[in-house]
Amino acid sequence: MTWVGKSALRKEGDSKLRGQAKYIDDISLSGMMHGITVRSPIARGLLKKIEYLPGVNWDEFITVTAKDIPGNNYVALIKKDQPYLVDEKINHPEEPILLLAHSNKHILEKARSLIKFHIESLPPVFTLEEAIKQDPIIWGTNNTFKSYAIDRGDVESAFKDAHILLEGTYETGAQEQLYIEPNGVIAIANEKEGVTIWGSMQCPYYVHKALVPLFNLPPEKIRVVQAETGGGFGGKEEYPSVISGHAALLSWKAKRPVKIIYDRMEDMVATTKRHPSKTRIKTAFDKNHKLIALDIDFTIDGGAYATLSSVVLSRGTLHASGPYFSSNIKIRSRALATNTPPHGAFRGFGAPQSLFAIEKHMEFCARELKLDPVKFRKLNFIKHGEILGCGQLVKEKIKLNSVVEKALIESDFHKKRKAFVKTNKNSPIKKGIGLAVFMHGAGFTGSGETFLASIAAVKATPEGKIEILTSNTEIGQGTNTIFSQMAADALNIDFSDIEVVQPDTAHVPNSGPTVASRTCMIVGKLVEQASKDLKQKLISAQLLKEKYTRKEFISACKKYIKEIGELKGSSQYKAPSHIVWDEQKYQGDAYGTYAWAAYVAETSTDTRTFETTVDKFWAVQEVGKVINPLLAKGQIIGGVAQGIGYALYEEVIWKEGRMANNKMSNYIMPTTLDVPEIEVHFLELPYSYGGGGSKGLGELPLDGPSPAILNAMEHALKITLRQIPMTPEKLMAQMEEINK
Amino acid sequence: MKKMSLTVNGKKLTVSCHPFSRLLDVLREELQLTGTKEGCGEGECGACSVMLDGKLVNSCLVPLLQVEGKKILTVEGLANKSLTPLQNSFMKCGGAQCGICTPGMLMAGYALIKKKKKLSKQEIREGLGGNLCRCTGYSPIIKSVQNCGTKP
């Protein structure tokens with residue numbers, strides 16, 4: 001019996017369905033205090049004084065400011081620019097200034113209202129245009145966190161020789177991850193025991209790395225444990241380092257456990273969101289409508305601190321040319337500073353932004369050239385043996401045309417495209433159907449996986465069970481289940497023989513963060529190899545033959561532990577020799593492999609109310625071997641739903657650098673009534689370097705919906721749409737402008 | 001503080017709380033029934049859904065004084081030893097991913113199936129319209145309710 005390829009049931013499903021799974025707010029420790037964060041009311045300024053107004057007994061409260069930090073006041077990630085607490089300079093609204101703890105959580109809000117900050121305000125930067133003008137400079141020497149340049153061929157000459165030049169500018173808004181469980185942690189910190197954190201998070205070792213300099217403690221004095229986590233989507237990649245540090249600082253001073261749980265409004269207003277972006281694309285085509293030159297200028301808004309913006313920018317840059325080939329390419333990209341809370345990781349990580357731009361642009365070009373959008377795309381698709389925008393030679397077989405064909409057939413694309421034009425004529429409701437084709441690189445960008453050098457381990461228990469030890473977290477996507485399937489197959493035992501150990505830096509090796517569609521593909525492979533390592537130990541000890549039954553395996557494990565000792569297998573990542581990335585030149589094999597996809601959206605827009613609904617959606621993708629069809633489908637459908645929100649509903653309204661609509665009642669995410677039936681189809685081309693033959697798929701479904709939906713709306717309305725979210729208000733404004 | 005009696009998952013209880021305490025806090029903090037979750041605190045997400053005298057409510061919007069003498073059913077009251085048909089259906093159809101909306105979704109599904117045996121997809125969509133899920137894209141949850149059968 002093999003488990004890979006089967007819809008094994010969710011490993012931790014039973015405890016979640018009974019309501020027994022322990023999320024961080026379900027845990028309470030004896031003597032525990034509650035903590036809150038008091039934040040900056042303004043975007044930029046200098047903190048002069050903190051005043052504690054009368055009204056509560058301040059002696060009962062634990063208060064922490066920057067001066068109480070035992071180590072270094074920066075959140076260790078890539079740069080050291082972001083403080084845990086404002087010392088003097090305030091760089092964004094809601095920036096943490098003061099921490100308060102009390103054993104009665106109800107009194108904390110009153111205390112918050114009695115804190116008065118005396119601040120001398122400074123002129124802020126809120127838009128990309130203001131950041132570029134460098135008036136004022138708010139970060140570094142030029143408001144730029146990072147910039148990249150890609151040059152291949154000769155774009156300028158190609159533009160001169162071109163048959164036709166087409167240009168467009170595309171914009172995407174911020175998007176809130178909106179996991180249903182807000183951020184939260186519990187900390188116990190003191191000089192004797194060091195620091196222990198339990199929390200809702202994706203990456204325990206990121207938190208670990210951040211707490212070492214904050215407390216100036218040796219790494220073994222820091223322990224980070226993931227509690228059951230109610231969704232992440234990137235929003236719990238880097239942010240938990242901040243809230244963990246805060247809770248630990250309070251606990252350090254209180255000498256008692258401290259819990260911080262954000263309420264929804266605080267989580268929305270103060271934590272990271274998807275980077276807003278602006279992309280200008282200039283393309284040149286020859287007489288046969290072949291793309292001969294591509295000039296892309298891609299800018300993202302990083303917010304007030306560097307955080308992960310350089311890496312988000314990199315993924316966006318490397319995906320910017322989409323699945324198309326051009327021998328002449330010029331890409332310029334930059335992540336800029338503004339005085340808003342830092343933008344951060346969100347499923348797709350820069351790629352949904354740049355892929356939206358290129359897919360919208362290709363649709364625009366097809367229309368300008370009076371060509372069928374499918375034929376036009378196919379003419380320009382990247383092929384095996386050609387070089388992608390990032391400089392990566394496509395060495396693997398790709399099935400892009402089959403993926404597109406499947407999407408067209410399943411959606412009845414061509415027929416509907418014609419039919420809707422007719423039926424729209426006499427109806428106020430205009431139907432459209434649109435396509436987007438794209439790819440998503442799986443695993444860390446560039447040399448990232450080599451630098452991570454992740455380690456996974458498996459260990460036998462005295463009862464003959466196998467434990468999987470990784471720092472990769474179950475956040476709903478199915479880590480526990482797929483790891484168990486892959487280990488069961490590698491060891492030729494049953495799915496039920498496998499246990500996945502709770503990620504705890506005191507007990508599991510660093511297998512890297514749970515991000516970048518890497519868990520199944522990269523870490524899954526390590527789990528398989530670690531399993532084989534363990535098996536080999538049993539064979540070498542002559543306790544097991546090459547061929548064996550499950551019973552023989554279990555008794556061999558028991559015997560080994562009894563007679564020899566600990567039985568553990570491990571594996572460390574090493575890049576396959578054919579994957580080479582040149583960081584200096586910023587080109588090469590940007591990703592080990594890519595998943596490829598074609599998404600089709602069918603929409604209705606009511607021209608009286610300007611509301612658009614997605615009536616049906618088709619998601620076709622090639623993702624290597626599908627490890628668990630039920631879970632994989634769940635990932636795609638869930639991602640498409642987030643993509644529908646990104647395209648149509650989810651608008652962050654900014655006022656003076658602060659999110660003004662930080663509630664679930666005025667930031668609108670899709671409900672059961674907004675998400676249509678989503679048909680999912682997988683094509684499989686097993687990837688030999690991925691766990692079970694898989695490629696990453698978690699982020700892929702965020703890339704396609706927004707261009708597919710806007711392309712459908714363009715088909716219905718015969719206008720050009722270049723920004724998301726395309727809310728009814730924005731559509732009305734644009735259509736009224738045209739009708740003038 | 002006021003002493004109040006209520007029935008939770010079949011058990012008669014007395015709690016001593018402020019009459020304006022949210023039912024959600026009483027369940028989670030006084031009774032340690034942490035299966036019921038808080039997602040927004042403003043009745044928007046439905047993660048705190050429970051049954052109150054046979055009606056689905058958001059427990060974050062219900063003050064304790066409104067539940068005196070009433071019957072409450074939470075996710076912990078669904079399964080005995082084995083999972084209920086609805087919980088099993090969620091398991092098989094992939095209705096739970098991160099699991100944080102799941103207790104509320106189960107209660108909303110329970111309320112639907114209790115009300116009507118044969119449900120159309122549209123009725124399920126409308127019935128679950130007050131419960132937000134960020135992971136599943138809803139169709140696996142809708143399918144879980146649809147495939148459950150006539151008893152939750």
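Me: At what angle do the axes of α17(A) and helix α19 (residues 705-717) of chain A cross, and within what distance do they come?
Reply: This is a predicted model. In it, the two axes cross at roughly 55° and come within 8 Å.

Me: What makes α17(A) oblique to α19(A)?
Reply: Set the angle against the cut-offs. The crossing is roughly 55°. Under 35 degrees would count as roughly parallel, and 65 to 115 as roughly perpendicular. The value falls in neither range, so α17(A) is oblique to α19(A).

Me: Which hand does the crossing of α17(A) and α19(A) have?
Reply: α17(A) passes α19(A) in a right-handed crossing.

Me: Which residues make the contact of α17(A) with α19(A)?
Reply: From α17(A) come Val640(A), Gly643(A), Ile644(A), Tyr646(A), Ala647(A) and Leu648(A). From α19(A) come Pro705(A), Ser706(A), Ile709(A) and Leu710(A).

Me: How do these residues divide into nonpolar, polar and charged?
Reply: There are 8 nonpolar, 2 polar and no charged residues in this contact. Gly counts as polar here.

Me: Where else does α17 of chain A give residues to a contact?
Reply: Look at domains 2 and 3 of chain A. Their contact takes 21 residues from domain 2 of chain A and 20 residues from domain 3 of chain A. On the domain 2 side, β16 (429-442) and α17 of chain A each give two or more residues. That side divides into 8 nonpolar, 11 polar and 2 charged.

Me: Which element of chain A gives the most to the side that touches chain B?
Reply: The contact takes 42 residues from chain A and 38 residues from chain B. α17(A) gives the most to the chain A side, with 7 residues. That side has 19 nonpolar, 13 polar and 10 charged residues.

Me: Why are β2 and β4 of chain B called edge strands?
Reply: The sheet of chain B has 5 strands in the order β2-β1-β5-β3-β4. It is open, with mixed pairing. β2 (11-17) and β4 (55-58) each pair on one side only, and those are its edge strands.

Me: How do you know that β3 of chain B pairs with β4(B)?
Reply: Count the bridges. Pairing needs at least two. Strand β3 (residues 49-52) is joined to β4(B) by 4 bridges, so the two strands pair. They run antiparallel. Val50(B) has Val57(B) in β4(B) as its bridge partner.

Me: Which helix of chain B packs on the sheet, touching β3 and β4?
Reply: Helix α3 (residues 102-115) does. Its direction makes about 40° with that of β3(B).

Conventions
Residues are numbered from 1 along each chain as its sequence is written. Chains are lettered from A and ligands numbered from 1 in the order in which they are written. This is a predicted model: local features need pLDDT of at least 70, side-chain atom pairs count only at pLDDT 80 or more; totals for chains, interfaces and linings use all residues. Two residues are in contact if their C-beta atoms, placed from the backbone, lie within 7 Å. Axes are lines fitted to C-alpha atoms, for helices over the stretch in contact, and angles run from 0 to 180 degrees between N-to-C directions. Angles under 35 degrees count as roughly parallel, over 145 as roughly antiparallel, 65 to 115 as roughly perpendicular and the rest as oblique. A crossing is left-handed if the near helix is turned anticlockwise from the far one by less than a right angle, and right-handed if clockwise.
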